[in-house]
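The following exercises concern a predicted model. Each task is followed by a solution that proceeds step by step.

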Protein chains: 2
Amino acid sequence: MSLLEETVRQIVPRDRIAETAARERLDQLTMPHWALGRLMDLAVELAGMTGTKKPDVSRKSVVVMAADHGVAGEGVSLYPTEVTMQMIGNFVNGGAGINALAKLNGAGVHIVDMGVNGDLSQFMNTESIEVVHIGNGTNNIAAGPAMSEEQAVKCIEAGIRIAIELGKETDMFGTGEMGIGNTTPSSAIVSVITGEKPSDVTGRGTGIDEKQFQVKVEIIEKAIRINKADPSDALDVLAKLGGFEIGGIAGLILGAASMRKPVVVDGFISTAGALIACGLCPLAAEYIIAAHKSVEKGHIAALAKLGKKPLLDLGLRLGEGTGAALAMNIVEAAVRVLTEVATFDEAGVSSAK
Amino acid sequence: MSLLEETVRQIVPRDRIAETAARERLDQLTMPHWALGRLMDLAVELAGMTGTKKPDVSRKSVVVMAADHGVAGEGVSLYPTEVTMQMIGNFVNGGAGINALAKLNGAGVHIVDMGVNGDLSQFMNTESIEVVHIGNGTNNIAAGPAMSEEQAVKCIEAGIRIAIELGKETDMFGTGEMGIGNTTPSSAIVSVITGEKPSDVTGRGTGIDEKQFQVKVEIIEKAIRINKADPSDALDVLAKLGGFEIGGIAGLILGAASMRKPVVVDGFISTAGALIACGLCPLAAEYIIAAHKSVEKGHIAALAKLGKKPLLDLGLRLGEGTGAALAMNIVEAAVRVLTEVATFDEAGVSSAK
């Protein structure tokens, strides 16, 4: 049995007994009933994920999957592809958005070269980059499949392996990514899996203008038309329309779910990865927490397909895992409510009349 | 000149030069333009509040103003008034929602007896309670004014003094409150100041049913009818319809603004306090950050009057300052983006084509 098959088999539903125990405690906390709303809903889910009414999410890792995209040559982004590699330097030096936000919330940042088109040897004196490097970027999806099915499996299994390795020191994962051009494959994936039209799930990415936007939509339409991915076969969708980092994210989610650990999914590209993961194993959705509502137009359709409501809505559209790092504080808050707030009995406070 | 007059005079607009300097830096950060959305808007405002492009909000205090309300005798809450005092015990023992969330985000919790109807001497062996105690709860607003104008000034000036005292060790304030019955005076204040009908700004508070809700709306209508508060005179509104803790919150906000420190305003009751503060000094609004959108029906109208959009929307309706404590993490994130993320030049990353 392959690692992918084995991992999918290990994913089980959340523990309903732990959820009930958590709900019973939350019902008795010294506050009007369920007065902390979504924090309490989330606390129940976290109990179910971890199988205990005292979950611990204190050790946090954000994994930033990086890769390049052949389709970037079609002019779908404001930035040249070199920026993927340059931003890895920025991550290593601690100067990027994800560094600042992960540090604030006590999360480690782990960079993975899933397939960057460039020489990363200058950054290899650091332990913070893991090299998977499936290839020098995907093929142009406007001309054919992004990668072979074998490569698609490799991406996902790399993500699983990273989750398992980091799982030794991680209670909660966050997904992140870097890859110039990667909203284009993400929109293609979201369109195929949700059935929405490309123009309804395509956004401005790095900030392209109306003319470039029209080009981007046409490229996505063409990629979908020529590749004919089977919406019911997530591996086929990934291989034909994906990115190496999107496959890595899908694997990370499957790996986290197999270990019964929560995974905070960042924005649009990460959610495309989540759609692949849940296409391979629908139960994986039970371990996913949607961090935030991205500015990217297709994000809400993708989240709706997963049955997820985002925690934050702050107009973010950066990626890197920044929204996940922010939302981790809300997840920790949910746990603290469950584990630290006293019940009416414990505190000697009168309950409702 | 009174302390209140002096404080109002000290409140100046945000520093537009510091805001411009912050905006110029944020424009150059290694990310697509303004890709961290509201974090960046907030970072600009924080620069303006503090008058520096390197704001520091690391020392945080949540002030929980507690008081009782004569109107609670009218059956507007699910809980008996003793709960106000009992919850103070819970705060002191660290068992309440605010303790858990403030601890998570590194904020101190300061409890103030603004006018609790009960014997708090059992908690006085602790330094965490400040005693102002304007009276044993307000008078019943359904029968006459809540307090005298002199008492209204006393509440506000107590809040100012507490802000100034805590200001020595606080960069960012959060408002909080505890007082059984206090959504009733808050709805009355919000109705009078915004001009909305009582039924449109009255919610279910601790969780009352439809019948109690109708009673609550009638009580608020009666309080407004018999007290005839002048909407253009915030002190009059506070005296006739207020609560001691609502006045304390107004004072805390004025005090924070006079020191050019941001103040994160929690939910519905805190926002009623903010309306009083901004009625006395409209410029105080420049130092207010709206933490979250409460479940309480009148909150959005109150925030709209202040020109504020909340940071979080998590279905909270607890008060105590819990939403403020949570939102403080978002405020810190905004500062970290401004002060820790590298520019394109600093990081050697190519900017947009």
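Helices here are DSSP runs of H or I with at least four residues, numbered from the N terminus.

**Exercise 1. Backbone outliers in loops**

Task: Determine where Glu320(B) is found, and state whether it is buried or exposed.

Solution.
Step 1. Glu320(B) lies in the loop that runs between α12 (299-306) and α13 of chain B.
Step 2. The cut-off for a buried residue is under 20% relative accessible area. Glu320(B) has a relative accessible area of 2% and is therefore buried.
Step 3. Most residues other than glycine have a negative phi. The phi of Glu320(B), in contrast, is positive, near 70°.

Task: Carry out the analysis for Trp34(A): where is its place, and what is its phi?

Solution.
Step 1. In chain A, Trp34(A) occupies the loop between α2 (16-27) and α3 (37-50).
Step 2. Its phi is positive, about 60°, although Trp34(A) is not a glycine.
Step 3. With a relative accessible area of 18%, Trp34(A) is buried.

**Exercise 2. A covered helix**

Task: Establish how many residues of helix α9 of chain B are buried, and identify the helices against which they pack.

Solution.
Step 1. Helix α9 of chain B spans residues 234-241, and 7 of its 8 residues are buried.
Step 2. These buried residues are Ala234(B), Leu235(B), Asp236(B), Val237(B), Leu238(B), Ala239(B) and Leu241(B).
Step 3. Their packing partners in chain B are α6 (149-167), α7 (183-194), α8 (210-227), α10 (244-258) and α11 (268-280).

**Exercise 3. The interface between the chains**

Task: Describe the contact between chain B and chain A: how many residues take part, what area is buried, and which helix of chain B gives the most residues?

Solution.
Step 1. On the side of chain B, 55 residues are in contact with 55 residues of chain A.
Step 2. About 4,600 Å² is buried between the two chains, with carbon and sulfur atoms giving 62% of this area.
Step 3. The polar part of the account comprises 14 residue pairs in polar contact, both residues being at pLDDT 80 or more. There are also 2 salt bridges between the chains. Lys103(A) forms a salt bridge with Glu340(B), in which the closest N and O atoms are 3.6 Å apart.
Step 4. At least two residues each are supplied to this side of chain B by α3 (37-50), α4 (82-92), α5 (97-104), α13 (322-340) and α14 (344-347). The most come from α13(B), with 9 residues.
Step 5. By class, the side of chain B that touches chain A has 30 nonpolar, 17 polar and 8 charged residues.

Task: Examine Asn90(B): which residues does it touch?

Solution.
Step 1. Asn90(B) belongs to helix α4 of chain B, and it counts as buried at 3% relative accessibility.
Step 2. Leaving aside residues up to four places away in sequence, Asn90(B) touches Thr30(A), Ala342(A), Ala347(A) and Val349(A), together with Gly95(B), Ala96(B) and Asn99(B).

**Exercise 4. Symmetry of the two copies**

Task: State what rotation superposes chain B on chain A.

Solution.
Step 1. The superposition is achieved by a rotation of 180° with 0.0 Å of shift along its axis, at an RMSD of 0.0 Å.
Step 2. The two copies are thus related as by a two-fold rotation axis.
Step 3. The same surface serves both copies, since 100% of the contact residues of chain B recur in chain A.
Step 4. Of the residues of chain B, Leu312(B) comes closest to the rotation axis, its C-alpha lying at 3.3 Å.

Note on methods: Residues are numbered from 1 along each chain as its sequence is written. Chains are lettered from A and ligands numbered from 1 in the order in which they are written. This is a predicted model: local features need pLDDT of at least 70, side-chain atom pairs count only at pLDDT 80 or more; totals for chains, interfaces and linings use all residues. Side-chain values use heavy atoms; hydrogens and water are left out. Buried means under 20% relative accessible area, exposed over 50%, partly exposed in between (1.4 Å probe, protein chains only). Contact means heavy atoms within 4.5 Å. Buried area is the accessible area (1.4 Å probe) that two parts lose on being put together, summed over both. A salt bridge is a side-chain nitrogen of Lys or Arg within 4 Å of a carboxyl oxygen of Asp or Glu. A polar contact is a pair of N or O atoms within 3.5 Å; within protein, one must be able to donate a hydrogen and the other to accept it, and residues adjacent in sequence count only if both atoms are side-chain atoms. Ala, Val, Leu, Ile, Met, Phe, Trp, Tyr, Cys and Pro count as nonpolar, Asp, Glu, Lys and Arg as charged, and the others, Gly among them, as polar. Copies are superposed by least squares on the C-alpha atoms of residues with pLDDT of at least 70 in both.
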